[in-house]
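Dear colleague,

Please find the structure below, handed over for your reference. A summary of what was found in it follows.

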Amino acid sequence: MNTQSVTITYDDDIVRKFVSATILWGVVGMLVGVIIASELAWPELGLGVSWLGFGRLRPLHTNAVIFAFVGNMMFAGVYYSTQRLTKTVMPFRALSLFHFWGWQAIIVSAALTLPFGITQSKEYAELEWPIDIAVTLVWVAFAINFFGALYKRNEKNLYVALWFYISTVLTIAVLYIVNNLSIPVSATKSYVIWAGVQDALVQWWYGHNAVAFFLTTPILGIMYYFLPKAADRPVFSYRLSIVHFWGLVFLYIWAGPHHLLYTALPDWAQSLGMIFSLMLWAPSWGGMLNGLLTLKGHWDRLRQDPIIKFYAAAVTFYGMSTFEGPLMSIKSVNGLAHYTDWVVGHAHGGALGWNGFMAAGMLYWIVPKLWNKPLHSVSLANTHFWVGTLGILLYIVSMWVSGITQGLMWKALTPDGALVYPNFVETLVAIRPMYITRMIGGLLYLTGFCIMVYNLLLTIKGGQAVNGTIDVVTEQAPDTVPATRILLGRPMIISVVGVGLILAMAWTQFVPNMIISAALIALVVYVAASTRFDDSDEHSWHHILEGKSLIFSALVLVGVLIGGAAEIIPTVVTNRALPEAQKKLATVYRPLELHGRDIYVREGCYNCHSQMIRPMPNEALRYGEPSTIADSYYDHPFQWGSKRTGPDLARVGGKYPNQWHYEHFMNPRTISAGSNMPEYAFLKESRIDRNDTTVKLHAMQTLGVPYTAQDVGGAAAELEQQARAVADDLGRNGVKVEWDSELVALIAYVQRLGAHPAAPAGARVSLRTGE
């Protein structure tokens, strides 16, 4: 065995850069959030300006908070803790700098594109294809740097925080690439390769797991490192950490379909998503308890240490969010909650309480160490905590009340079976006080954050940037444990059997399902009965695995890929196997309607309107027949939506005359008093780019939309003919508008929604179930 002593100086400069970016983008993201919350209460604040509309600013807010604020905070925590847990400096300084500046360039690109309508319209993945390529390159640079540190580490075993970082680096790469596969039609426009139900499942496989592996697992890694540091205590339970980690990695990836309950998604996929969501309760709460019990015996510090306050509250909010999420995945609860503000309250409980407070605790702890100066004011930090907490409570409680009110009003029926509230706007009028309360809560949270910014800037002022150092004695001993001991160990065999049983249960009928379920329960009982809970076992299978970073990472990747493939592949096959007779029911947009759909996407209408009627009596009365797979079969991307600030539009085509839509877009409140929809009068003066028509149709042909050569060749004439028909109809009602106006194209698209030949009743039911 060769030993040598070396002094390592950590690269904390890169950490300081990410910390500074975290502070900056946190203010920006939250400020935009307050602006759009105000617009929901007072829509006139948008001033009728295109780039100030809610539909365009909402994606800017979510991207700024998720990828700019939490992303930079995550990178700061990962770079700081990884170097200390591996006892080595990041191996590639140039990649660290490329990562930082590349990520900031991506954020600026988002700020320069999203408000101007350059978007894919996929939640948390709105950025267009050139920026997607940049994200991929920067993420690869980060991955090379991170795994390089693991490779050259001077600490044999991987600490629990590193497990969570590994899962984030690998899973986000898979999710982002698969979800953003698209065909470009210009430098600022592309069509995703997925369509309809395929796109819906891929999007929420990505969307749900972006929350899991960007907003949860890396922040849990930060919790496992910084919380024990702040409390000066070890993590409560090593074995509970193992259960927490592997439970999340395996179960999270399967749970995406719970965002699509009661939709045209096949029933088996909906049920699978619900079941795995419910199973997430166990590991999630195990992690929460592990975090809180780390403070056991030191609860008195809550009274005097604001850092401990922030961490304890953050972990508590994590527990609340991970209880509420599975609860909302239960079909009966989801039937009430989905499309309502309850979902908004749930999301912000996690974002503000879990992510925001973890960020605050980390920043208050790390900034004094990075600049070698005590925190300027503990009193201001405590003030931040209480102002921020009040803001969160006002926000989420108002959204709970608003969401439950919405759900109950939408579903309310008279004894005769009629809608109690047939006018959708009645709901908006009822919940407007909650929107004002939500805005006040967000403003308070932003105020608390600004107090922290002031406190940290005064801490940095007069401080001196320092880099941490450590003397490391390296022991270069050969690894004598064979890989087969891990790959053929009992945990691996049990895991393979368990996965096989779950996959079999997903694709078998009732009786075999019951047998498989019994076998799965027996397997769980066996594992529980044979598991030792001695945290001091240094020669366990998992302890050996922690010393082999390559095998560890490979197992994480395999676990993620199994869940993803098991969900997506059967749905892709089901969608493509749709009978030809049913495919004829699918909407193929005419050239003008395709332009109008792109305008609908550009303006972010999917943020407030769904295009998915659920099989419920109240929805059939309000919107029409339940949506089917065929309705969106050729939709690239799908527009099912996830929120109803306005009514569903799946079958709005032909429901109102062209003039009604014209007046509604020009000023919604002249048609629907109490509406909070932005004005779109600017569309009247904007012109569609007819030169793009052929390129767009060719792209759709490539994606499988059945346009013929004759359709493409005659697209210009077809577009003009339909546009003139709409403009002439408006003219007969006293409205003068140019035929190539964007407003005409948008009206044509909206009038097409749901306006296709009716299917036999039985065929529509079978389409909805996917059978």
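**Findings**

In helix 10, the buried residues are Pro283, Ser284, Gly286, Gly287, Met288, Asn290, Gly291 and Leu292. Please note that the model is a predicted one.

The buried residues of helix 10 pack against four helices: helix 7 (217–231), helix 8 (238–252), helix 9 (267–279) and helix 11 (306–329). Helix 10 itself covers residues 281–293, and its 13 residues should span 18 Å at 1.5 Å a residue; the C-alpha atoms at its ends are 18 Å apart, which agrees.

Helix 2 (residues 54–86) has 33 residues, for which 1.5 Å a residue gives an expected span of 48 Å. The distance between its end C-alpha atoms is 45 Å, in agreement with that expectation. Helix 2 also bends, by about 35 degrees, at Gly71. Because 33 of its 33 residues are buried, helix 2 is largely enclosed by the rest of the structure. Lys87 follows helix 2 and has a positive phi, near 55 degrees.

On the surface, Phe92, Val140 and Ile144 form a nonpolar patch, and together they have about 250 Å² of accessible area. One of these residues, Val140, lies in helix 4 (residues 129–151). Val140 has 43% relative accessibility and therefore counts as partly exposed, since that class lies between the limits of 20% for buried and 50% for exposed.

With kind regards

Technical notes: Residues are numbered from 1 along each chain as its sequence is written. This is a predicted model: local features need pLDDT of at least 70, side-chain atom pairs count only at pLDDT 80 or more; totals for chains, interfaces and linings use all residues. Side-chain values use heavy atoms; hydrogens and water are left out. Helices (H or I, at least four residues) and strands (E, at least two) are DSSP runs, numbered from the N terminus. The expected span of a helix is 1.5 Å times one less than its number of residues. The bend at a residue is the angle between axes fitted to the seven residues ending there and the seven starting there. Buried means under 20% relative accessible area, exposed over 50%, partly exposed in between (1.4 Å probe, protein chains only). Contact means heavy atoms within 4.5 Å. Patches are made of residues with over 30% relative accessible area and no salt bridge: like charges are joined within 9 Å, nonpolar side chains (Val, Leu, Ile, Met, Phe, Trp, Tyr) within 5 Å. Accessible areas come from the Shrake-Rupley method with a 1.4 Å probe; for residues, only the protein chains shown count as cover. A salt bridge is a side-chain nitrogen of Lys or Arg within 4 Å of a carboxyl oxygen of Asp or Glu.
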